[in-house]
Amino acid sequence: MIEKTWTANEKKTLNEFLRQKIPELLEGEISNSKIRRLIVSGAVYINSRQCRIPSFKINSGTTIKVLIDKEKFFFEKQPEDADFELTENDVLFEDEYLIAINKPPFLPTEQTITGQRKNAHDCTVKYLWQKNSSLRNPPYVGIMHRLDRETSGILLFTKSRSVNKDISEMFKTRGIKKIYRAVCTGKLPEQKEFTVENFIARISPKSSACKMGIVPESRGGLFTKTDFKIISEKNGFIQIDCQLHTGRTHQIRVQLSSMNLPIAGDELYGGIKSDRIKLHARKIEFVHPVSKEKITIESEIPKNFFTEKSVAPNASL
């Protein structure tokens with residue numbers, strides 16, 4: 001991760017300022033589009049406040065800080081990303097305030113710094129705009145949580161800023177019940193239901209792919225808690241439901257690996273090779289912030305989620 005701070009000595013737009021500074025910082029030609037995407041991604045701070053507006057006017061004496069992950073900055077779209085178009089069949093719930101979609105695997109939740117990859121957020125904006133083509137500007141779609149690129153299942157967005165605070169608070173305080181389904185390998189636990197509590201933090205360098213691990217609280221580990229329930233077992237492959245009480249990065253993946261139950265396809269945490277990481281967000285429950293009704297949204301387990309071909313080439317399930 002590269003961090004750099006400058007002080008402006010004249011008036012100009014943020015985009016113009018960084019078009020001068022970023023090529024010098026990275027010692028090479030950088031396209032204007034990449035610089036704009038860097039700003040929009042939230043990697044730029046004006047006087048210590050995040051700024052996502054390329055045309056923002058800066059004055060002499062303004063401090064501008066950038067945080068650049070070179071690997072992400074220079075990443076270009078890979079062909080294995082899902083070519084997804086959101087349709088009515090993929091919408092699991094929708095009203096005036098919220099929309100929940102069924103995200104396929106291999107689709108990022110939101111735009112990456114390259115600005116060229118398909119993602120669930122952009123697909124949802126496009127879907128809603130097509131439903132109301134009379135709008136002059138794209139409809140609002142608020143990102144309240146995220147799913148990893150290979151994780152499939154329920155992804156909830158807001159359609160109105162008026163409910164952002166309530167929904168965000170629900171995610172922070174676990175007011176939204178979230179249940180995932182995982183396919184794991186390893187020894188079948190004696191108990192059909194068990195809870196894992198520990199502390200985790202990032203253990204990989206910031207310049208490399210994110211990997212989390214169990215780290216004591218005294219060394220920066222954050223508390224995690226998940227309830228696990230064995231659903232089925234066949235030929236060494238175990239289906240497990242996972243209910244989150246906290247929402248840390250890679251929480252389920254780290255905790256199952258720590259129990260010697262790595263998720264199939266999750267080679268980062270000791271899982272066997274597979275066509276994808278076998279983790280699916282299958283159910284969420286919450287009280288609607290406006291109607292106060294209990295909302296339950298479910299996503300069917302994908303048909304190829306637990307099969308011989310998709311889990312292990314030589315397994316017989």
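Below, a colleague asks about a predicted model of one chain, and the modeller answers.

Colleague: What is the mean pLDDT of the chain?
Modeller: The model is predicted, and pLDDT gives the predictor's confidence in each residue, from 0 to 100. Of the residues, 92% reach 70 or more. Over residues 313-317, however, the pLDDT is below 50, although this stretch has 12 contacts in the model beyond near neighbours in sequence. The mean for the chain is 90.

Colleague: How many helices and how many strands are in the chain?
Modeller: One of the helices is H4, at residues 120-131. One of the strands is E14, at residues 222-234. The chain holds seven helices and 17 strands.

Colleague: Why is the chain said to be as compact as a globular protein of its length, and what is its radius of gyration?
Modeller: The C-alpha atoms fill a box of roughly 70 × 45 × 40 Å along the principal axes. For 317 residues the globule rule gives 20 Å, and the value for this chain is close to that, so the chain is as compact as a globular protein of that length. The radius of gyration is 22 Å.

Colleague: What share of the residues count as buried?
Modeller: A residue is buried when its relative accessible area is under 20%. The accessible surface of the chain comes to about 17000 Å², and 46% of this surface belongs to carbon and sulfur atoms. Of the 317 residues, the share that count as buried is 45%.

Colleague: Which helix gives the most residues to the largest nonpolar core?
Modeller: This core has 34 residues, and those touching the most other members are Tyr-180, Phe-228, Ile-240, Cys-242, Ile-252, Leu-256 and Ile-263. Apart from this core lies another of 20 residues, including Ala-8, Ile-30, Leu-38 and Ala-43. With five residues, the helix that gives the most to the largest core is H4.

Colleague: Which residues of H6 does Phe-228 touch, leaving aside residues up to four places away in sequence?
Modeller: The contacts of Phe-228 include Lys-192, Glu-193, Phe-194 and Val-196. Ile-240, Asp-241 and Cys-242 are also among them. Helix H6 spans 251-258, and the contacts of Phe-228 there are Ile-252, Gln-255 and Leu-256.

Colleague: Is H6 mostly covered or mostly bare, and which of its residues are buried?
Modeller: H6 is mostly covered, as six of its eight residues are buried. What covers these buried residues includes E11, E12, E13, E14, E15 and E16. The buried residues are Gln-251, Ile-252, Arg-253, Val-254, Gln-255 and Leu-256.

Colleague: Where does His-250 lie, and is it buried or exposed?
Modeller: His-250 has a positive phi near 60 degrees, in a residue other than glycine. It lies in the loop between strand E15 and helix H6. Because its relative accessibility is 13% and the limit is under 20%, His-250 counts as buried.

Colleague: What is the phi of Arg-174?
Modeller: Arg-174 lies in the loop between helix H5 and strand E11. With a relative accessible area of 25%, Arg-174 is partly exposed. Although Arg-174 is not a glycine, its phi is positive, at about 65 degrees.

Colleague: Which residues does Asn-15 touch, not counting residues up to four places away in sequence?
Modeller: Asn-15 is found in helix H1, at residues 14-26. It is buried, with a relative accessible area of 9%. The residues that Asn-15 touches are Ile-35, Arg-36, Ile-39 and Pro-54.

Colleague: How many disulfides does the count come to?
Modeller: Cys-51 is buried at 6% relative accessible area, and Cys-123 is buried at 8%. A disulfide is a covalent bond between the sulfur atoms of two cysteines. By the rule that the two sulfur atoms lie within 2.5 Å, the count is zero.

Colleague: What separates the C-alpha atoms of Ser-218 and Ile-99?
Modeller: Ser-218 is found in the loop between strand E13 and strand E14. It is exposed, with a relative accessible area of 72%. Ser-218 and Ile-99 are 119 residues apart along the chain, and their C-alpha atoms are separated by 40 Å.

How values were computed: Residues are numbered from 1 along each chain as its sequence is written. This is a predicted model: local features need pLDDT of at least 70, side-chain atom pairs count only at pLDDT 80 or more; totals for chains, interfaces and linings use all residues. Side-chain values use heavy atoms; hydrogens and water are left out. Contact means heavy atoms within 4.5 Å. A nonpolar core is a set of buried Ala, Val, Leu, Ile, Met, Phe, Trp, Tyr and Cys residues joined through side-chain atoms within 4.5 Å. Buried means under 20% relative accessible area, exposed over 50%, partly exposed in between (1.4 Å probe, protein chains only). Helices (H or I, at least four residues) and strands (E, at least two) are DSSP runs, numbered from the N terminus. The radius of gyration is taken over C-alpha atoms; the globule rule is 2.2 Å times the number of residues to the power 0.38. Accessible areas come from the Shrake-Rupley method with a 1.4 Å probe; for residues, only the protein chains shown count as cover.
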